[in-house]
Amino acid sequence: GTKSGSRLLFKELGILAPEGFENLQTKQDIIQSLALLKKQNPLLKKAVVKMNDGFSGEGNAIYRYKDLNANDENLMDSIQISLHDNLCMVANNLSYDVFMQKFESMGGIVEVFIEGETKESSSVQCRINPIGETDIISTHDQLMGGESKQVFIGAAFPANPEYHYDIATIGKKVSDGMQKLGVLARFGLDFISIKEDSGWKHYAIEINLRKGGTTHPFMMIQFLTGGYFDWIKGVYITLNNQERCYFASDNVVNEKYIGLTPHDLIDIAMCNNLLYDVSKQTGVVFHMIGALSQYGKLGMVCIGNTIEEAKGFYDKTVLVLNKECGVLE
């Protein structure tokens, strides 16, 4: 379940992953790895430094090579000198010194930052049950934000029909490999998906050996509709044989929402015809509303007949909340 463990399993299973190095422990390991990646790919602009046990992107940092030359005989010295200024931490308020202390405490990896004009952060949610059966629970396209799009914000379900089966198949291969290692649980598998002239290319990024940001929304739609996900076809089917999709986020936050109570939220949603309608099996379901009044933060699962309708519910809800709370556009 660590970043290093994920890379090692990908290599063992022959699954495409970004070029990089794992089981690193020291600042010097980071410097050496950054130098080797630049020498292997002189055009490389950025690399990612990740703590083994970071989550939601907040254990990551982006290193920018800027004007460093791969042919420089003193490349490692140049990286060492520039590391403090060229390494940008994803987590807010995390200093360079604290990041390095944490990295040396838990270890981590350095890998190429995957570039692409058309790039998606896709994911697969898997499960290994007590009798050793592996299953694909869901596929998602994740919405990322923060520094270089490293922080999870939300997700659309199911994933893009152009590649949902491809990433699900890779997820099944990883699940079977994990099962042989004795893993018993739900877990997520994250990808960077790049569209090329020949089609989509999927780089496996990490295994999240836990319930993640896509676990709760899928459990919610199952609870509400009693349906199932056909991972071969990439569609979710309700009990009355209708397709449903959703767009979900657990990171809807604005300081202007502070002071808004859960009752206020439900009233606003009802007056604007946003709440989930049991008869239509579409609409918005809120969660994390206990954090709303103090932190101005909430989550929502927006269920629709299509991804576009689900995203429309999300956009309308944010627009209504901003209007009610006086958020300036």
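This is a dialogue about how to read some features of a predicted model.

Visitor: Where should I begin with charged side chains, and how many salt bridges does the structure hold?

Guide: A salt bridge is counted when a side-chain nitrogen of Lys or Arg lies within 4 Å of a carboxyl oxygen of Asp or Glu. With that cut-off, the structure holds ten salt bridges. One of them brings together the side chains of Lys-3 and Glu-206, with 3.8 Å from N to O. Lys-3 belongs to helix α1, residues 3-13, while Glu-206 belongs to strand β10, residues 199-208, so this pair ties together parts that are 203 residues apart in sequence.

Visitor: Are Lys-3 and Glu-206 buried or exposed?

Guide: A residue is called buried when its relative accessible area is under 20%, and exposed when it is over 50%. Both Lys-3 and Glu-206 are buried.

Visitor: Which residue does Glu-22 meet in a salt bridge?

Guide: The side chain of Glu-22 meets that of Lys-11, and the distance from N to O is 2.8 Å. Glu-22 is in strand β1, residues 20-24, and Lys-11 is in helix α1, so the pair ties together parts that are eleven residues apart in sequence. The two partners can also be read by their accessibility: Glu-22 is buried, with a relative accessible area of 16%, whereas Lys-11, at 49% relative accessibility, counts as partly exposed.

Visitor: What does the salt bridge between Lys-50 and Glu-111 link?

Guide: The side chains of Lys-50 and Glu-111 meet at 3.0 Å, N to O. This pair links distant parts of the chain, since Lys-50 sits in strand β2, residues 46-51, and Glu-111 sits in strand β5, residues 108-112, with their positions 61 residues apart in the chain. Lys-50 is buried, and Glu-111 is buried too. Salt bridges that share partners join Arg-7, Lys-11, Glu-22, Lys-50 and Glu-111 into one network.

Visitor: How should I read a charged residue without such a partner, and which side chain of opposite charge is nearest to Asp-230?

Guide: Asp-230 is found in strand β11, residues 228-230. Asp-230 is buried yet has no salt bridge, and the nearest side chain of opposite charge, that of Lys-233, is 4.4 Å away. A salt bridge needs a distance within 4 Å, so this pair is not counted as one. The side chain of Asp-230 does, however, reach the backbone nitrogen of Lys-233 at 3.2 Å.

Visitor: How is empty space found, and what is the volume of the second largest pocket?

Guide: Rolling a probe the size of a water molecule over the atoms shows where empty space is left. In this model, the second largest pocket has a volume of about 330 Å³. The pocket is lined by 19 residues, and the closest to its centre are Val-112, Phe-113, Ile-114, Glu-115 and Tyr-203. Strand β9, residues 186-196, gives the most to this lining, with three residues.

Visitor: How many residues of the lining of the second largest pocket are nonpolar, polar and charged?

Guide: The lining of the second largest pocket divides into nine nonpolar residues, three polar ones and seven charged ones.

Visitor: What should I look for in the backbone, and which peptide bond is cis?

Guide: Most residues other than glycine have a negative phi, and most peptide bonds are trans. Here the peptide bond from Phe-157 to Pro-158 is cis, with omega near -5°. Pro-158 has its place in the loop between β8 (151-157) and α5 (164-180).

Visitor: Where does Asn-93, with its positive phi, lie?

Guide: Asn-93 has a positive phi of about 65° although it is not a glycine, and Asn-93 lies in the loop between β4 (87-89) and α4 (96-106). At 84% relative accessibility, Asn-93 counts as exposed. For Asn-241, phi is near 65°, a positive value in a residue other than glycine, and Asn-241 is found in the loop between β12 (235-237) and β13 (245-253). At 62% relative accessibility, Asn-241 counts as exposed.

Visitor: How many Å separate the C-alpha atoms of Asn-93 and Leu-274?

Guide: The position along the chain and the position in space are read separately. The C-alpha atoms of Asn-93 and Leu-274 are separated by 36 Å, and these residues are 181 residues apart along the chain. For Glu-120 and Tyr-246, which are 126 residues apart along the chain, the C-alpha atoms are separated by 17 Å. Glu-120 lies in strand β6, residues 119-128, and at 29% relative accessibility Glu-120 counts as partly exposed.

Key
Residues are numbered from 1 along each chain as its sequence is written. This is a predicted model: local features need pLDDT of at least 70, side-chain atom pairs count only at pLDDT 80 or more; totals for chains, interfaces and linings use all residues. Side-chain values use heavy atoms; hydrogens and water are left out. Helices (H or I, at least four residues) and strands (E, at least two) are DSSP runs, numbered from the N terminus. Buried means under 20% relative accessible area, exposed over 50%, partly exposed in between (1.4 Å probe, protein chains only). Lys and Arg count as positive and Asp and Glu as negative; His and the chain ends are not counted. A polar contact is a pair of N or O atoms within 3.5 Å; within protein, one must be able to donate a hydrogen and the other to accept it, and residues adjacent in sequence count only if both atoms are side-chain atoms. On a 1 Å grid over the protein atoms alone, a cavity is a set of points where a 1.4 Å probe fits but cannot get out, and a pocket is an open set with protein on both sides within 12 Å along at least five of seven lines; lining residues have an atom within 4 Å of a point. Grid points are joined across faces, edges and corners, and a volume is the space filled by probe spheres set on the points. Ala, Val, Leu, Ile, Met, Phe, Trp, Tyr, Cys and Pro count as nonpolar, Asp, Glu, Lys and Arg as charged, and the others, Gly among them, as polar.
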